[in-house]
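Please work through the exercises below with the sequence and the 3D structure open beside you. Try each task before you read its solution.

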Amino acid sequence: MVYDLPPDNAFLTDAHNRRQNDAINALDAQISRTQARLNSEMRRIRGSLEQRLDRLSTSFDAFVELSDVRALLAAFPGPAAVRYRAHRLLEGAAAGDDETVQQAAAYWLCPASRGLAAAVRGDAGAARSLVAEAAGADALRAGTFALLGTAAAAPGQAPLMADWILPKVLRELPERVSRYERALWVAAADGVLGADARAMVAGLAQEAARRAGQGQDPAAGPEFWTSAVSAPRPSAPAKALEGRPGREQLEAAGRLSALRTWLEETLEQGQDAGAAAGEGAEDGERTDRPRLDDESARTLRLLVDEGTSEEAPHLARANQLRAVIESSGTASPDESAPAWTDPAGDTLELLRADATSMLAPRARRALAIGVYGSVVASAAEDLARTAAEPLPASAEVAYHGRRMRVTPEGADDASLREAEAALEASYAPERRPYVYAGIAAGAAVVLAVLVAVSGAAPWLWVAPAAALGAAGLFVHRGRSGAADAAVATESARRRLRDKVQEGAAEYRGLRGEAASAAERAQEDLRSVRRLLARA
């Protein structure tokens with residue numbers, strides 16, 4: 001049978017086709033991956049564009065609504081002029097009695113702002129009369145504005161205003177304080193409202209801490225104050241002694257020293273700041289007087305911007321819409337705007353933060369620490385008591401697993417003898433070489449008798465001679481081991497005694513260091529008591 005053979009290039013064509021198919025498949029896979037990546041990128045861009053459009057639409061809606069709200073607020077030109085004048089006064093503008101302000105006489109801020117202008121001019125009588133008129137319309141708002149406003153724009157008149165108004169506005173510090181209560185508290189604590197106001201707020205804070213008690217207030221326990229200061233640098237580990245005798249005493253003395261330094265930095269300078277503020281009523285031109293802090297100033301601006309009862313809902317809505325526009329649509333139009341009556345936080349948490357935060361002014365920290373003065377004194381007494389605890393009469397030194405007692409004068413004789421006995425036992429020479437020597441000597445005797453009795457060839461006497469030589473070798477090895485053991489024992493005994501002497505010297509120095517630390521702790525305790533008494 002005859003078969004038709006394919007042409008010579010048929011095999012080459014099939015290989016070429018396979019390579020083309022592989023290339024096409026690889027290209028299809030690459031196109032698929034690229035298409036998937038492009039689809040993902042398009043979805044992301046589409047989502048980003050949709051978010052942008054949503055934010056833009058939200059901002060536009062807020063802008064349109066804000067225009068409507070402004071149109072409604074245009075019906076209240078008098079109160080708006082009063083607020084503008086009040087802001088100008090707080091920013092340091094001229095303190096004239098503007099007739100425009102007088103047109104909104106039914107608005108509590110009208111007489112209150114005129115009273116602030118009088119205080120800025122130094123007319124205390126007119127200021128008091130106008131603030132009393134404002135209090136007739138709204139006592140809380142007028143009193144808060146008068147206190148914070150004079151603290152910001154007329155600090156020289158703030159103590160006189162505080163002596164009159166503060167007890168009526170801030171009767172207590174409740175469990176949770178509002179924003180304006182915190183602002184008045186801080187202004188008094190910083191010394192802005194004078195020494196009498198500062199003492200009054202300190203009493204309110206003490207009463208709040210007393211109501212809570214130790215169960216609800218961590219600062220009512222001494223442990224809070226011993227951990228509030230930076231821990232001293234840990235002492236170096238003992239070189240010869242086991243453990244670190246006196247570690248608790250030295251750490252307590254170090255913590256007490258740190259507590260004293262912390263109180264000195266806070267109370268002495270904080271009291272100086274409070275005393276300087278107390279001179280404000282007599283000298284209206286002081287330039288080193290404490291100023292109203294930024295958060296209290298913001299609370300004051302929120303109070304001014306609240307508006308009349310008719311305006312207030314529209315002004316609040318305008319603030320919400322303005323926040324949406326300023327955030328480019330990311331803020332919610334229904335999110336409540338900040339107000340001067342918003343909660344400020346837990347009273348005791350704020351008090352603890354005032355006491356321990358390095359960011360708080362020193363006068364504020366001093367007041368907060370003074371509230372817990374008896375607890376801080378108790379913490380200092382606990383530290384001093386721990387620092388004065390006597391160290392034990394002896395300490396321990398370990399060597400080769402054996403513990404020996406040492407005193408400042410030297411080693412304890414009984415424990416040293418026990419350690420040396422154990423050391424000698426551990427370095428005792430081996431007895432096996434002598435046993436082997438005895439066996440070899442016995443073998444030599446037996447072999448010699450056998451050779452002599454049998455009358456064997458003379459060369460057999462080599463066996464008993466070899467056994468006798470082995471016995472001599474074992475004896476030599478035993479004596480050499482005993483000599484080496486004696487040398488090692490003496491060396492170990494010498495190191496043991498050196499370790500004991502080093503431990504005794506270290507313990508002697510440690511006891512002296514602990515005694516000095518106890519004396520310093522007593523001096524630190526007296527200083528802490530003196531500082532707290534001044535607080």
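The exercises that follow go from the whole chain to single residues, salt bridges, a surface patch and a pocket.

The model is predicted, and local features are reported at a pLDDT of at least 70, side-chain atom pairs at pLDDT 80 or more, while totals for chains, interfaces and linings use all residues. Residues are numbered from 1 along each chain as its sequence is written, and side-chain values use heavy atoms, with hydrogens and water left out.

**Exercise 1. The whole chain**

Describe the secondary structure, burial and contacts of the protein chain.

Step 1. The protein chain has 19 helices and five strands, where helices (H or I, at least four residues) and strands (E, at least two) are DSSP runs numbered from the N terminus.

Step 2. Of its 535 residues, 39% count as buried; buried means under 20% relative accessible area, exposed means over 50%, and partly exposed lies in between (1.4 Å probe, protein chains only).

Step 3. A contact means heavy atoms within 4.5 Å, and among contacts between residues at least 6 apart in sequence, 75% join residues at least 24 apart.

Step 4. The chain exposes about 29,500 Å², of which carbon and sulfur atoms supply 53%; accessible areas come from the Shrake-Rupley method with a 1.4 Å probe, and for residues only the protein chains shown count as cover.

**Exercise 2. Single residues**

Place Ser178, Gly221 and Gly438 in the structure, and decide for each one whether the residue is buried, partly exposed or exposed.

Step 1. Ser178 is found in strand S1, which spans residues 176-178. Its relative accessible area is 12%, and therefore Ser178 counts as buried. Leaving out residues up to four places away in sequence, Ser178 touches Thr341, Asp342, Pro343 and Ala344.

Step 2. Gly221 sits in the loop between helix H9 (195-216) and helix H10 (222-228), and with a relative accessible area of 2% Gly221 is buried. Its C-alpha atom is separated by 8.7 Å from that of Ser378, although the two residues are 157 residues apart along the chain.

Step 3. Gly438 lies in helix H18 (residues 432-454) and is partly exposed, because its relative accessible area is 45%. The C-alpha atoms of Gly438 and Gly472 are separated by 9.5 Å, with their positions 34 residues apart along the chain.

**Exercise 3. Salt bridges**

How many salt bridges does a search of the whole structure find, and which parts of the chain do the pairs Glu311 with Arg83, Arg182 with Asp354, and Glu381 with Arg529 link?

Step 1. Side chains of opposite charge can pair when their charged atoms come close. A salt bridge is a side-chain nitrogen of Lys or Arg within 4 Å of a carboxyl oxygen of Asp or Glu, and the search finds 13 of them.

Step 2. The side chains of Glu311 and Arg83 meet at 2.8 Å, N to O. Glu311 is in the loop between H12 and H13 and Arg83 is in helix H2 (residues 77-90), so that the pair links distant parts of the chain, 228 residues apart. Both Glu311 and Arg83 are buried.

Step 3. In the salt bridge between Arg182 and Asp354, the closest N and O atoms are 2.9 Å apart. Because Arg182 lies in helix H8 (residues 179-189) and Asp354 in helix H14 (residues 347-356), the pair ties together parts that are 172 residues apart in sequence. Arg182 counts as buried at 14% relative accessibility, and Asp354 is buried at 4%.

Step 4. Glu381 and Arg529 form a salt bridge whose closest N and O atoms are 3.2 Å apart. This pair links Glu381 in helix H16 (residues 373-387) with Arg529 in helix H19 (residues 462-534), distant parts of the chain that are 148 residues apart. Glu381 is partly exposed at 27% relative accessibility, and Arg529 is partly exposed at 42%.

**Exercise 4. The largest pocket**

Which helix gives the most to the lining of the largest pocket?Step 1. The largest pocket has a volume of about 570 Å³. On a 1 Å grid over the protein atoms alone, a pocket is an open set of points with protein on both sides within 12 Å along at least five of seven lines, and lining residues have an atom within 4 Å of a point; the volume is the space filled by probe spheres set on the points, which are joined across faces, edges and corners.

Step 2. The lining has 21 residues, and Leu302, Leu315, Asn319, Ala337 and Pro338 lie nearest the centre. Helix H13 gives the most, with eight residues.

Terms used:
On a 1 Å grid over the protein atoms alone, a cavity is a set of points where a 1.4 Å probe fits but cannot get out, and a pocket is an open set with protein on both sides within 12 Å along at least five of seven lines; lining residues have an atom within 4 Å of a point.
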